Amino acid sequence: MVYIAGSLMIVYLVFIAIMFALIANDSSDVTALELMFGLAPFILPIDFGVRFMAQQTPAQLIKPYVLLPISRYACIDTFIATSLWNSGYLIWLALFLPYCLMAVLFSYGVWCTVGFLLLWWLLIMLDSQWYSIVRTLIVDSQLWWLLPIAVYALLATPIFLGQHAGIEKLMELWSGIGTAIEHGSALPFLVVFLLLAGVVAINRLLQYKHIWRELAHVETTKLRSVSKFAFLDKYGIQGEYLKLEMKSILRNKNPRKSFISAFMIVLLFSVLIVFTDVYDGQFMTNFWCIYDYVVFGSVLLIKIMSMEGNYIDGLMVHKENILSLFHAKYSFYSVMLLFPFVLMLPVVFSGKWSLLMVFSYGVFTAGFQYFVLFQMAVYNKQTIPLNTKFISKSGIENNYFQIAAQMVAFIVPVALVSVLQSVVSLNTSYIIMLAVGLLFIATNRLWLRNIYARMMVRRYDNMESFRASR
């Protein structure tokens with residue numbers, strides 16, 4: 001699926017390149033070089049955003065090398081160099097090369113074409129280092145999201161300020177880079193190269209600081225009060241695992257950040273749905289309602305057992321401990337669905353959505369979608385550290401089962417409800433979704449035990465992988 005998605009992206013980029021080349025060739029107001037650099041304020045943020053799905057920071061790949069008898073900066077320099085010369089950047093050639101062949105090469109010659117490609121390559125490398133800095137800071141605190149927001153807001157000021165404010169003004173300013181290249185000026189290359197050198201130096205210091213701060217950190221626990229969650233005592237062993245789940249989120253950095261991120265995503269989309277009419281179409285209504293519910297599962301539950309990989313040997317001591325853990329997790333994340341339910345109630349009160357739809361999709365998520373996501377307990381075998389982030393390799397396991405499970409959890413419900421609504425009324429489709437969800441909820445003990453039995457078949461292989469990835 002990853003290769004198919006990459007291939008489709010290349011096809012789309014080639015199509016976009018051909019379209020812009022035709023526009024540039026037919027235009028008498030803008031040259032080919034000016035047009036493409038005028039699009040830079042849109043291309044670079046897209047490149048920046050895509051990196052969050054694919055590129056890791058150098059600090060997150062360094063743990064195997066920190067004990068080698070080499071310079072402390074050697075590892076940092078190596079990984080920064082690797083990130084600068086990443087073959088993933090070649091995908092942008094699907095946009096730039098066809099464009100050059102159709103609109104630049106025969107009009108401006110070879111050297112101008114080489115300069116065009118070289119400058120874009122420097123811009124993409126600059127974007128990679130900017131991403132690395134932002135990603136590292138965001139791992140420290142979610143408040144650092146304000147940094148890229150502020151930078152891109154500053155770059156977008158020509159849209160809002162000035163006598164001739166607008167997107168045309170923004171593109172006109174950036175198109176000046178193309179004009180300078182046409183006149184043989186080396187200034188754009190010099191400016192971008194100096195910016196790249198400065199950002200690489202900042203990134204180098206930042207990565208070094210974060211890695212060695214984490215390596216030298218001594219883990220201490222200072223609790224002013226101990227939450228006993230005594231109300232869970234009556235649930236026996238499952239109550240104890242519920243306490244473990246809640247304390248893991250409250251006390252450990254990585255689970256806490258994941259939980260907060262999931263909550264903020266749900267809050268953001270709930271607010272957008274209430275105060276805008278962008279998502280009022282029937283298909284988008286179905287998609288965003290289902291998406292809001294499955295966020296907690298797609299962020300946290302999709303990695304089930306990965307956190308527990310830190311102490312998997314202790315969980316294997318008593319028979320069916322893991323099964324009790326599954327029941328506790330299922331109860332916990334089912335209760336978590338109350339958050340998106342409550343946050344989407346204003347959409348119901350405003351009359352955009354029906355209460356039956358919101359309720360039935362919540363039940364469907366607790367049933368079918370959690371059934372799909374819980375399957376990852378069998379296939380996850382990469383330990384995710386509870387607190388360390390920069391020196392660990394969490395998130396680099398390339399678990400394609402996770403991708404498949406997320407696709408099923410997102411695509412199947414939307415496809416199912418779309419088919420239902422094409423043949424029956426809306427309320428009938430909601431009732432069917434409700435019935436399917438209730439069926440999986442009613443049989444949760446059966447399929448959780450099935451997952452437990454399959455996991456036990458693979459337990460030695462999984463335990464070995466959990467230990468090796470700590």
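Is Trp 120 buried or exposed? Select Trp 120 to begin: with a relative accessible area of 0%, this residue is buried, a term that stands for under 20% relative accessible area, with exposed meaning over 50% and partly exposed lying in between (1.4 Å probe, protein chains only).

Keep in mind that this is a predicted model, in which local features need pLDDT of at least 70 and side-chain atom pairs count only at pLDDT 80 or more, while totals for chains, interfaces and linings use all residues. Residues are numbered from 1 along each chain as its sequence is written, and side-chain values use heavy atoms, with hydrogens and water left out.

Rings of Phe, Tyr and Trp (its six-membered ring) are paired here if their centres lie within 6.5 Å, and planes under 30 degrees apart count as stacked, over 60 as edge-to-face and the rest as tilted. The count by this rule is 27 aromatic pairs.

Add Phe 96 to the selection: its ring centre lies 4.6 Å from that of Trp 120 and the planes are at 25°, so the pair is stacked. Phe 96 sits in helix H5 (residues 93–108) and Trp 120 in helix H6 (residues 110–140), 24 residues apart, so that distant parts of the chain are linked, helices being DSSP runs of H or I with at least four residues, numbered from the N terminus. Phe 96 is buried as well, at a relative accessible area of 3%.

Next, select Phe 296 and Phe 339, whose ring centres are 6.3 Å apart with planes at 40°, so this pair is tilted. Phe 296 is buried at 0% relative accessibility, whereas Phe 339 is partly exposed at 35%.

Finally, select Phe 326, Tyr 330, Phe 364, Phe 368, Tyr 370, Phe 371, Phe 374, Phe 440 and Trp 447, which ring pairs link into a cluster.

Terms used: Helices (H or I, at least four residues) and strands (E, at least two) are DSSP runs, numbered from the N terminus.
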